[in-house]
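User: Here is a protein chain that I am trying to read. Please take a close look at one helix, then show me where it sits in the whole.

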Amino acid sequence: MKRIALITLGWSLAKPTKEVEQDKAQIAELLRRIGMEDRFNPDTHYYDIELEVDTETLTPLMSVLETKPSLGYLSRVDRRYTRQETELAELLIWGPTNQAIEDDYYDFFAEGDEHKDLYRRCSACGTPLQQVRDIVINKARMGKRDISLTYSYEVILSEQVGRLLQEQDLSGLELRPVQHYRKPYPGEPTLYQLAVTNVLPPMAAPPTGFEQLHECAVCGRISRFLKHTHWWGKIQYREDTAVYYPRRMLEVVKDFNHTAEHFGELRVAHPYVIITQRVYRLLREHKVKNWAAVPVYLVD
Ligand SMILES: [Zn+2]
């Protein structure tokens with residue numbers, strides 16, 4: 001795993017000419033110091049740069065940005081895993097890489113239909129507590145995708161992917177029917193909603209870190225985010241914490257699992273999906289697109 005710092009350097013065009021020239025010279029010098037002098041162009045006033053954290057070059061650059069923030073900022077640190085690391089992980093956080101499908105947040109109901117929410121919700125905080133009917137979407141939005149997320153974080157599968165999961169007899173999931181929001185249309189595809197039925201015990205925290213915890217006094221639901229706010233000296237940046245589970249949790253894991261924790265704002269808080277290495281390989285072997293997976297760490 002490599003931690004990659006994403007930094008933007010540049011100069012403001014809104015300053016007096018003399019100051020712009022000074023900033024330009026400083027940016028040219030900074031690029032030279034990190035071995036990227038080739039990228040300097042007096043007509044290009046910003047530079048997106050990736051530098052590995054834990055290298056000699058980043059610390060001096062950050063010291064300059066701390067004293068002169070107008071020259072640039074650290075937007076975030078990404079964790080990048082090698083293929084081998086991903087293939088060795090027993091469990092992975094999994095999810096669609098697109099969120100293309102509007103659903104019941106918006107009104108997909110024909111005239112005269114009684115609006116009936118997809119979920120039974122807490123009357124105080126509005127968080128979804130239980131799905132009470134089939135999901136209704138505009139199926140045309142799925143396009144040629146294998147997998148997509150709805151605006152309310154439900155996972156929609158193409159017919160082919162749904163069948164694949166069924167044929168392989170994977171555990172921890174059910175496939176729910178997906179209804180089209182209007183009359184049937186020629187070539188309307190069969191789609192499925194992935195309903196994950198197994199819920200894991202809590203994560204190991206620490207080392208997993210959380211922030212922005214909110215608890216509803218009525219339903220008891222706690223929403224949170226993985227800790228992502230960090231400071232490099234005076235510079236605030238974003239880096240998502242990794243997810244850790246106790247190793248003994250492997251005894252109760254299924255192929256598909258929901259986390260016990262719900263993430264996001266309380267009204268849309270949803271669990272993450274955790275898959276086994278078996279599911280990861282199966283999806284890769286069958287060239288299923290539109291998803292990504294990140295290793296979960298197991299601790300004793
Ligand atoms: Zn509530």
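Analyst: The answer starts with the whole chain, turns to helix α1, and ends with a domain contact.

This is a predicted model, where local features need pLDDT of at least 70, side-chain atom pairs count only at pLDDT 80 or more, and totals for chains, interfaces and linings use all residues. Residues are numbered from 1 along each chain as its sequence is written.

Start with the overall picture. The C-alpha trace of the protein chain spans about 65 × 50 × 45 Å along its principal axes. The protein chain holds 5 helices and 20 strands. Both are DSSP runs, numbered from the N terminus: helices are H or I with at least four residues, strands are E with at least two. Of the 300 residues, 24% count as buried. Buried means that 20 or more other C-beta atoms lie within 10 Å of the residue's own; exposed means 12 or fewer, and partly exposed is in between, with C-beta atoms placed from the backbone.

Now the helix. α1 covers residues 17–33. At 1.5 Å a residue, its 17 residues should span 24 Å, and the end C-alpha atoms are 24 Å apart, which agrees. The expected span is 1.5 Å times one less than the number of residues.

Look at its two sides. D23, I27 and L30 are buried in α1. Seen down the axis, the buried residues fall within an arc of 60°, so they line one face of the helix. That arc is taken from the directions from the helix axis to the C-beta atoms. On the other side of α1, T17, K18, A25, E29 and R32 are exposed.

What do the buried residues of α1 pack against? Their partners are β1 (2–10) and α2 (58–67). Just after α1, G35 takes a positive phi of about 75°.

Step back to the domains. An automatic or database domain assignment gives the bounds. Domain 1 is 2–80, domain 2 is 84–95 + 200–299, and domain 3 is 97–196. The C-alpha centres of domain 2 and domain 3 lie 22 Å apart. Here 23 residues of domain 2 are in contact with 22 residues of domain 3. Contact means C-beta atoms, placed from the backbone, within 7 Å. On the domain 2 side, β17 (256–263), β18 (270–276), α5 (277–285) and β19 (291–295) each give two or more residues. The largest share, 3 residues, comes from β17.

Key
Two residues are in contact if their C-beta atoms, placed from the backbone, lie within 7 Å.
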